[in-house]
Amino acid sequence: MQVFSPSADTWLRAGLAALVVVVLGALLVMAGYADSTYATQAGWAKDQDVPFSHKHHAGELGIDCRYCHAGAETHADAGLPPTHVCMTCHSQIWTGAPMLAPVRRSLAENRPLRWHRVAQVPDYVYFNHSIHVKRGVPCVECHGRVDEMPLSWRAHPFQMQWCLDCHRDPAKRLKPPEQITRMDWSNWSDAQAQRYGTAAIRRWHIDTKKLDNCGICHR
Ligand code: HEC
Ligand code: HEC
Ligand code: HEC
Ligand code: HEC
Ligand code: HEC
């Protein structure tokens with residue numbers, strides 16, 4: 001006696017094949033989400049209450065990054081500028097501009113401006129600016145061409161793999177520390193960068209074998 005019709009086996013196979021396709025598809029979508037620019041926020045500009053433009057201030061006016069991010073060289077946090085830093089200029093220029101109303105209010109009420117952040121890592125990750133900046137990892141390596149951003153966005157996904165890629169082979173990313181805020185390095189050839197970086201790693205005894213130990217970033 002036949003329990004299953006001859007076609008049942010075919011249906012079973014087709015069903016199993018379909019299930020495999022669905023599961024694989026779901027896994028791909030999940031993996032794709034984790035790496036998508038939406039999840040990592042890379043490349044997405046954020047709206048701000050005050051439409052502050054790095055393109056204008058850092059790029060065109062040429063104000064150095066450290067004028068506003070004073071901690072970058074000396075502290076773990078680069079920090080965001082207190083309102084009086086804006087007011088050194090904006091108490092003289094564009095004094096009545098509606099765009100700057102939140103800045104004037106912040107000064108009058110002695111309350112810091114609020115910004116939608118674009119560059120952040122989770123609390124369980126230890127990051128420190130001065131360690132990097134003192135060794136000549138330029139701002140542009142991690143934050144991209146900030147001087148060309150009208151509104152800020154995250155240039156690179158701040159995922160673990162991105163940190164590790166540099167930690168395992170930082171040589172060609174290092175530059176002279178006294179030019180840490182320079183954005184355009186296109187006149188350095190790959191060979192020149194490699195030569196400079198290899199010497200810098202030796203000079204400062206940077207131990208790349210240790211730089212991917214878990215305890216370095218998860219303390
Ligand atoms: C060294 C001087 C200086 C400092 C410091 C400064 N600004 Fe400006 N800002 C300017 C000048 C100059 C303009 C352009 C005016 C024009 O285009 O005619 C400007 C324009 C602006 C504008 C108009 C939009 C734009 O970018 O053209 C905004 C908004 C602004 N600044 C916000 C700020 C904020 C917020 C701070 C503090 C974090 C700040 N500025 C610090 C000089 C400065
Ligand atoms: C005139 C002041 C000023 C100068 C000069 C300036 N910044 Fe900023 N920066 C700001 C302000 C205000 C914000 C917050 C608003 C925003 O995200 O655009 C900010 C935000 C940032 C952020 C995003 C921080 C976050 O988590 O949201 C980065 C990264 C940054 N700046 C890097 C730089 C670099 C690199 C330079 C030099 C090329 C520079 N800045 C020059 C004022 C300045
Ligand atoms: C090795 C990569 C790297 C370099 C180099 C670097 N940054 Fe950052 N920056 C980060 C990371 C990661 C964060 C997020 C830190 C956090 O969430 O604690 C950040 C955050 C910031 C912020 C937000 C405020 C803060 O302190 O958290 C500013 C502003 C900033 N960086 C400016 C700069 C400037 C200016 C330079 C160059 C002088 C620079 N960064 C160099 C990786 C870097
Ligand atoms: C473009 C290159 C580059 C990137 C990207 C980078 N780093 Fe680093 N990092 C370095 C270099 C070079 C050193 C070594 C400094 C030394 O040994 O003097 C370092 C050192 C460190 C240290 C200190 C190590 C110690 O000996 O205590 C920490 C912590 C750290 N990085 C965290 C991070 C985290 C977290 C990220 C990602 C969010 C990151 N770094 C991304 C280049 C980079
Ligand atoms: C150079 C810095 C660095 C080192 C070294 C490092 N991590 Fe991470 N790790 C990060 C950053 C940055 C994140 C946050 C990733 C994100 O927000 O997507 C992270 C996230 C994680 C997470 C959370 C889940 C995830 O993948 O997002 C785990 C678990 C983790 N790390 C384990 C480890 C282990 C285990 C090691 C040693 C083999 C290690 N990490 C070494 C920087 C580092």
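Start by selecting H54: in this predicted model the residue is buried, with a relative accessible area of 16%, which puts it under the 20% cut-off. Now show the iron atom of ligand 2. Its protein donors are H54, through NE2, and H69, also through NE2, lying 2.0 Å from the metal. Unlike buried H54, H69 is partly exposed, at 21% relative accessible area.

Keep the iron centred and bring up every donor atom. There are six, and with angles of 87 to 180° among them the site is octahedral. Then colour by secondary structure: H54 sits in helix 3 (residues 54–60), while H69 is in the loop between helix 4 (65–68) and helix 5 (83–90). The two histidines are 15 residues apart, so this pair links distant parts of the chain.

Next stop, ligand 1. Select the residues around it and you get 20, with H56, H57, C86, C89 and H90 coming nearest. Helix 3 and helix 5 each supply at least two residues of this shell, and helix 5 gives the largest share, five residues.

While you're there, pick out some polar pairs:

- H57: a polar side-chain atom lies 2.9 Å from a nitrogen atom of ligand 1.
- H90: an N or O atom of the side chain is 2.7 Å from a nitrogen atom of the ligand.
- W94: here the partner is an oxygen atom of ligand 1, 3.3 Å from an N or O atom in the side chain.

Now jump to ligand 5 and its iron atom. Which protein atoms are its donors? Select M160 (SD) and H218 (NE2), lying 2.0 Å from the metal. The six donor atoms subtend angles of 86 to 180°, so this arrangement is octahedral. M160 belongs to helix 9 (residues 160–168) and H218 to the segment after helix 11 (214–217), so the pair ties together parts that are 58 residues apart in sequence. Switch on a surface and compare the two: M160 counts as exposed at 54% relative accessibility, whereas H218 is partly exposed, at 34%.

Finish in the nonpolar interior. The largest nonpolar core has 13 residues, of which L174, W188 and Y196 touch the most other members. Helix 10 (residues 190–203) gives the most to this core, with four residues. Zoom in on W188: leaving out residues up to four places away in sequence, it touches K175, P176, R182, A193 and Y196. For a last selection, try V50, M87, L100 and L113, which are among the six residues of a second, separate core.

Notes. Residues numbered from 1 in each chain as written. Chains lettered and ligands numbered in written order. Predicted model: local features only at pLDDT ≥ 70, side-chain atom pairs only at ≥ 80, totals over all residues. Heavy atoms only, no water. Donors = N, O, S within 2.8 Å, 3.2 Å for Na, K, Ca; no water. Tetrahedral: all angles 85-135°; square planar, octahedral: opposite > 155°, others 65-115°. Buried < 20%, exposed > 50% of the residue type's maximum accessible area, 1.4 Å probe, protein only. Core = buried A, V, L, I, M, F, W, Y, C linked by side-chain atoms within 4.5 Å. Contact = heavy atoms within 4.5 Å. Near = heavy atom within 4 Å. Polar contact = N/O pair within 3.5 Å; in protein donor to acceptor, adjacent residues only side chain to side chain.
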